[in-house]
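Grab a pencil and work through a few short exercises on this fold. Try each task with the viewer open before you read its solution.

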Amino acid sequence: MSWFIRKEKGINTPTEMKREAPDGLWYQCPNCKKIMHTREHKLNAYTCVHCNYHEKIGSEAYFALLFDEGAFTELDANMTSGDPLKFVDTKSYPERVKATIAKTHLKDAVRSAYGKINELDVTVACMDFNFIGGSMGSVVGEKIARAIDHSLKTRTPFLMISRSGGARMMEAGYSLMQMAKTSAKLAQLSNEKIPYVSLLTDPTTGGVTASFAMLGDFNIAEPGALIGFAGPRVIRETIGKNLPEGFQSAEFVLEHGFLDFIVDRKDLKEKLTALFKMLQ
């Protein structure tokens with residue numbers, strides 16, 4: 001059995017001969033901690049194949065999932081924030097915006113586009129949480145308003161995908177005014193009988209929840225999404241009581257009548273097509 005016994009000690013493999021898995025090849029689910037191939041995760045609409053946990057994704061992924069062959073035309077792609085209040089915290093607002101643009105390669109917390117979803121022309125606005133917490137500032141409100149204008153002009157259904165921490169504090173009252181502006185635009189959409197579906201993803205909170213996110217002909221959500229106005233910690237500290245289990249989850253909100261239904265991301269494209277056809 002000498003062939004089975006290592007006779008030489010201290011055998012080392014040269015670095016250039018080592019075989020390592022490339023970065024990003026595997027994905028670990030943050031919920032169940034199980035491992036899957038990144039490509040498998042992507043093909044499963046960024047949901048876990050083991051526990052169906054819905055990974056938080058942004059506009060790039062949603063546009064690729066929803067638009068036929070990933071083809072779309074972006075609206076107002078280069079709109080960026082001003083600094084009407086000359087706001088400064090640990091850094092000035094323009095510096096923060098510039099740094100966030102460089103880091104995320106996004107211009108602001110929402111992107112809007114139009115294209116075909118299962119051969120049906122649709123206008124979509126989708127929020128990106130990576131841009132200052134998906135906060136709603138003047139650019140977010142203006143881009144959503146212009147996307148609604150595009151829906152009105154072309155008479156195409158409108159889809160809003162929300163993921164936000166609420167109003168952008170650096171813009172104060174200017175941010176809060178976007179609640180009224182987007183709500184007024186959605187009233188015009190309703191008057192013209194053009195379908196509007198609101199998809200709430202994790203998390204949807206603050207002024208976004210209190211305005212356009214809850215004004216859809218259908219308000220739908222992804223499984224497990226956090227939906228509310230104030231966060232659970234703030235509410236707990238305010239009322240001095242423990243909150244019910246699963247408080248402000250999509251399932252809890254659905255049970256209490258604030259959602260129409262919950263849709264798995266893998267079924268989202270087909271569900272949206274059915275809803276828009278039903279509403280037309």
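**Exercise 1: The sheet**

Task: work out the strand order of the open sheet of seven strands and find its edges.

Solution: Keep in mind that this is a predicted model. Walk across the open sheet and you read its seven strands as E3-E4-E5-E6-E7-E8-E9, with mixed pairing. Now look at the two ends: strand E3 (72-75) and strand E9 (261-262) each have a single partner strand, so one side of each has no neighbour in the sheet.

**Exercise 2: One strand pair**

Task: in which sense do strands E7 and E8 pair, and over how many bridges?

Solution: First locate E7 at residues 196-204 and E8 at residues 218-221. Their pairing is parallel, and it runs over four bridges. For a landmark, go to Leu200, which sits opposite Ala221 in E8.

**Exercise 3: A helix on the sheet**

Task: which strands does helix H4 lie across?

Solution: Pick out H4 at residues 138-154. Under it you should find E3, E4 (110-117), E5 (120-127) and E6 (158-164). Then check the direction: H4 runs at about 25° to E4.

**Exercise 4: The whole protein**

Task: sum up the protein's make-up, burial and charge.

Solution: Start with the elements: there are nine helices and nine strands. Next comes burial, where 43% of the 280 residues count as buried. About 15400 Å² is exposed, with carbon and sulfur atoms supplying 54% of that. Finish with charge: 35 positive and 33 negative side chains, the centres of the two sets being 4 Å apart.

Terms used
Residues are numbered from 1 along each chain as its sequence is written. This is a predicted model: local features need pLDDT of at least 70, side-chain atom pairs count only at pLDDT 80 or more; totals for chains, interfaces and linings use all residues. Side-chain values use heavy atoms; hydrogens and water are left out. Two strands pair if DSSP finds at least two bridges between them. Contact means heavy atoms within 4.5 Å. Axes are lines fitted to C-alpha atoms, for helices over the stretch in contact, and angles run from 0 to 180 degrees between N-to-C directions. Buried means under 20% relative accessible area, exposed over 50%, partly exposed in between (1.4 Å probe, protein chains only). Accessible areas come from the Shrake-Rupley method with a 1.4 Å probe; for residues, only the protein chains shown count as cover. Lys and Arg count as positive and Asp and Glu as negative; His and the chain ends are not counted. The place of a charge is taken as NZ of Lys, CZ of Arg, CG of Asp or CD of Glu.
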